[in-house]
Amino acid sequence: MIFCASAFEAPAALGAYALWLRLEAPLDVQAGKRKGPLPAGDYLYCGSARGPGGLRARLARHMRPHKRAHWHIDQLTAEASLLGAFVEEQGDECALNAALADLPIPIPGFGSSDCRRCAAHLRFLPKGAALPSRWENARKAARFT
């Protein structure tokens with residue numbers, strides 16, 4: 001696992017990622033028929049990159065400020081600051097999400113409408129909450145490269 005502050009740092013390989021987003025103000029979002037407010041704070045969204053260009057291409061799309069909304073997460077990326085992404089070549093988005101199981105799910109079904117295993121692929125990161133050690137190590141390593 002590596003932490004990338006920009007899409008250009010990500011490999012072009014297939015894999016999974018967790019976007020780290022920060023909302024400065026509350027935001028109303030919708031996931032299918034479910035609507036709800038997301039309070040200001042940090043969020044982690046787990047997704048996969050299986051198409052052409054792999055992780056680099058998918059992260060570049062998420063990090064672009066102006067784009068046509070296609071996925072649930074586009075509601076957040078249009079409003080939030082993107083702090084970076086944890087990426088794992090050949091990784092699985094549900095495994096990344098499972099590693100965050102101790103973090104709260106703000107809106108059931110958000111980002112996981114095509115997943116039968118996960119209640120949501122968006123997690124809220126409360127102030128002071130710890131990331132899994134592997135994630136924290138990747139984040140710290142990125143500061144020194």
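## Strands, pockets and single residues in a predicted model

In strand 5, the residue that forms a bridge with W20 is L44. This pair is a useful place to begin reading the structure, which is a predicted model, since the bridge lies between two strands that can then be followed into the rest of the sheet.

### The open sheet

Strand 2 and strand 5 are paired in the antiparallel sense, and nine bridges connect them. W20 also stands opposite G84 in strand 6, where strand 2 and strand 6 (residues 81-89) run antiparallel and are joined by eight bridges. These pairings belong to an open sheet of five strands, which follow the order 1-6-2-5-7 with antiparallel pairing. At the edges of this sheet are strand 1 (2-4) and strand 7 (122-125), each of which pairs on one side only, and from one strand to the next the twist averages 25°.

On its way to the edge, the sheet passes from strand 5 (residues 41-49) to strand 7, and these two antiparallel strands are joined by four bridges. Within that pairing, Y45 has L122 of strand 7 standing opposite. When you look at the strands in the structure, it helps to remember that side chains in a regular strand alternate between the two faces of the sheet.

A further pairing can be found between strand 3 (residues 27-31) and strand 4 (residues 34-38), which run antiparallel and share five bridges. Here L27 stands opposite L38 in strand 4. The hairpin made by strand 3 and strand 4 has two residues between the strands, and in this hairpin G32 takes a positive phi near 65°.

The strand pairings described above can be set side by side.

| Strands paired | Direction | Bridges | Citation |
|---|---|---|---|
| Strand 2 and strand 5 | antiparallel | nine bridges | |
| Strand 2 and strand 6 | antiparallel | eight bridges | |
| Strand 3 and strand 4 | antiparallel | five bridges | |
| Strand 5 and strand 7 | antiparallel | four bridges | |

### Strand 2 and its residue L23

Strand 2 is mostly covered, with eight of its nine residues buried. L23 is found in this strand, and L23 counts as buried because its relative accessible area is 4%, whereas the cut-off for being buried is under 20%. Which residues does L23 contact, once its neighbours within four places in sequence are left aside? They are L38, P39, A40, G41, Y43, E79 and A80. L23 and F110, which are 87 residues apart in sequence, lie 16 Å apart in space from C-alpha to C-alpha.

### Two pockets

The largest pocket has a volume of about 260 Å³. It is lined by 15 residues, and those closest to its centre are Y45, W71, E93, G111 and D114. The elements that give two or more residues to this lining are strand 5 and helix 1 (54-63), and strand 5 gives the most, with three residues. By character, the lining of the largest pocket divides into three nonpolar, nine polar and three charged residues.

The second largest pocket has a volume of about 190 Å³. Of the 15 residues in its lining, the closest to the centre are R22, D42, L125, P126 and K127. Strand 2 (15-23), strand 5 and strand 7 each supply at least two residues of this lining, and strand 2 gives the most, with three residues. The lining of the second largest pocket is made up of eight nonpolar, two polar and five charged residues.

### Two residues in loops

S6 has its place in the loop between strand 1 and strand 2. S6 is classed as partly exposed because its relative accessible area is 22%, which lies between the cut-offs of 20% and 50%. Although S6 and A85 are 79 residues apart along the chain, their C-alpha atoms are separated by 7.8 Å.

Q90 sits in the loop between strand 6 and helix 3 (93-99). Is Q90 buried or exposed? Q90 is exposed, because its relative accessible area is 62% and the cut-off for being exposed is over 50%. Its backbone also deserves a careful look, for Q90 has a positive phi of about 60° although it is not a glycine.

Note on methods. Residues numbered from 1 in each chain as written. Predicted model: local features only at pLDDT ≥ 70, side-chain atom pairs only at ≥ 80, totals over all residues. Heavy atoms only, no water. Pairing = 2+ DSSP bridges. Axes fitted to C-alpha atoms, helices over the stretch in contact; angles between N-to-C directions. 1 Å grid on protein atoms, 1.4 Å probe; cavity = no way out; pocket = protein on both sides within 12 Å on 5 of 7 lines; lining within 4 Å. Points joined across faces, edges and corners; volume = space filled by probe spheres on them. Nonpolar A, V, L, I, M, F, W, Y, C, P; charged D, E, K, R; others polar. Buried < 20%, exposed > 50% of the residue type's maximum accessible area, 1.4 Å probe, protein only. Contact = heavy atoms within 4.5 Å.
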